[in-house]
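Let's take a friendly walk through this model, stopping at a helix, a ligand site and a small sheet. Keep the structure open beside you as you read.

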Amino acid sequence: MSELLDKLCQYRRLEREEWQILLASPRDLDQKALFDRAAQERRTWFGDEIYVRGLIECSNICKNNCLYCGIRRDNRQVSRYRLDRDTILACCEKGYAGGVRTFVLQGGEDPGMTPDWVAETVAAIKRRWPDCAVTLSLGEFDRAIYQLWFDAGADRYLLRHETADAAHYGKLHPPELTLAHRLDCLHTLKDIGYQVGAGFMVGSPGQTADTLAEDFCFLQTFQPHMVGLGPFIPQKDTPFAQEPAGTLEDTLILLALVRLTLPKVLLPATTALGTIHPKGRELGILAGANVVMPNLSPPSTRDKYTLYDNKLSTGAEAAEHLAGLRKRLATIGCTVAVHRGDAPNDHT
Ligand code: SAH
């Protein structure tokens, strides 16, 4: 195992069979050594700085029916909302005052949120805060729409690939959603010039060492600028209500392995990680993560963006508590960056 890890650190890639061996019993790895190496790698590229992204959950209306997701179309228990532009700008204003310089607009695939409306919203944010980056995380669209948003000023796009194994993808999604199309979108986004984020849930139903090996093969080939990786957490009104959640331990190990595969990657310690353990985000950073995503959504809609059960919404992840976040990160020797926090790939 330790030879495979040495090899990964030297070449930043492994063969599929090697990933399969490593990921078949990841708990056999010396975790302290793994996390220390990953945290050291983070410090090499980012020093003690942690990057902040303010998350604005702009709509929980979704035309898709992903089996894991609490805001899936068939969930009648969700009270649906869409933020208007002034509300979104007010969220940005609040975040900016707290030091946030990247705004992430995330939502379901809401047909009522038209491409032109999104473009105008991006342009309005960039006009008012030209020193800020805008990240979109709105799902799958045609090239022309991604281009429209890029031309309006969007800098980054998060579109987790969810799993790089087509059969596994088919277990997590209805038939009309395919891995091939998801990957097409990721390639298009990169081609247009976005900083692109891929990623997957840890412990999603049907995930195995082999599907994880596919994920790592995909990541080392695609070379995304960002990787979103957090535990799967069941939501009670979805078909996966009874499935077990992904674990803290597995998530930390996989975060560290992502950091060692893609040394300069932007890697959030996610809200989902903070949800399964009170110190989840700090532990994520100590395992190599370098980004946190406090929630800037209006408090009145936060409990409606229920991707999974017990989602944190009022603690350190909430933007009202940025000072608290600063303190928590100081306890692990980190500072909060007050700048856009672009991927170093663009500058080196
Ligand atoms: N509609 C957008 C945003 C989806 S929500 C898109 O298609 O990309 C953002 C991410 O939340 C998803 O990509 C998924 O990986 C994660 N997510 C959804 N349901 C989840 C659950 N039950 N547990 C943990 N993460 C979940």
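## A helix in the interior

Helix H10 covers residues 248-261, 14 in number, and reaches 20 Å from its first C-alpha to its last, close to the 20 Å expected at 1.5 Å a residue (that is, 1.5 Å times one less than the number of residues). Helices here are DSSP runs of H or I with at least four residues, strands are E runs of at least two, and both are numbered from the N terminus.

Because 11 of its 14 residues are buried, H10 is largely enclosed by the rest of the structure. Buried means under 20% relative accessible area, with a 1.4 Å probe and protein chains only. Among the buried residues are Thr251, Arg259 and Thr261.

## About the model

This is a predicted model, in which local features need pLDDT of at least 70 and side-chain atom pairs pLDDT 80 or more, while totals for chains, interfaces and linings use all residues. Residues are numbered from 1 along each chain as its sequence is written, and side-chain values use heavy atoms, without hydrogens and water.

## Around the ligand

Which residues are the closest to the ligand? They are Tyr68, Gly107, Arg160, Glu162 and Ile233, out of 16 that surround the ligand (a heavy atom within 4 Å).

A polar backbone atom of Tyr68 is 3.0 Å from a ligand nitrogen atom, and a polar side-chain atom of Arg182 lies 3.1 Å from a ligand oxygen atom.

## A small sheet

Three strands form an open, parallel sheet in the order E8-E1-E9, where pairing takes at least two DSSP bridges. Glu49 has Thr335 of E9 as its bridge partner.

Methods
Buried means under 20% relative accessible area, exposed over 50%, partly exposed in between (1.4 Å probe, protein chains only). A polar contact is a pair of N or O atoms within 3.5 Å; within protein, one must be able to donate a hydrogen and the other to accept it, and residues adjacent in sequence count only if both atoms are side-chain atoms.
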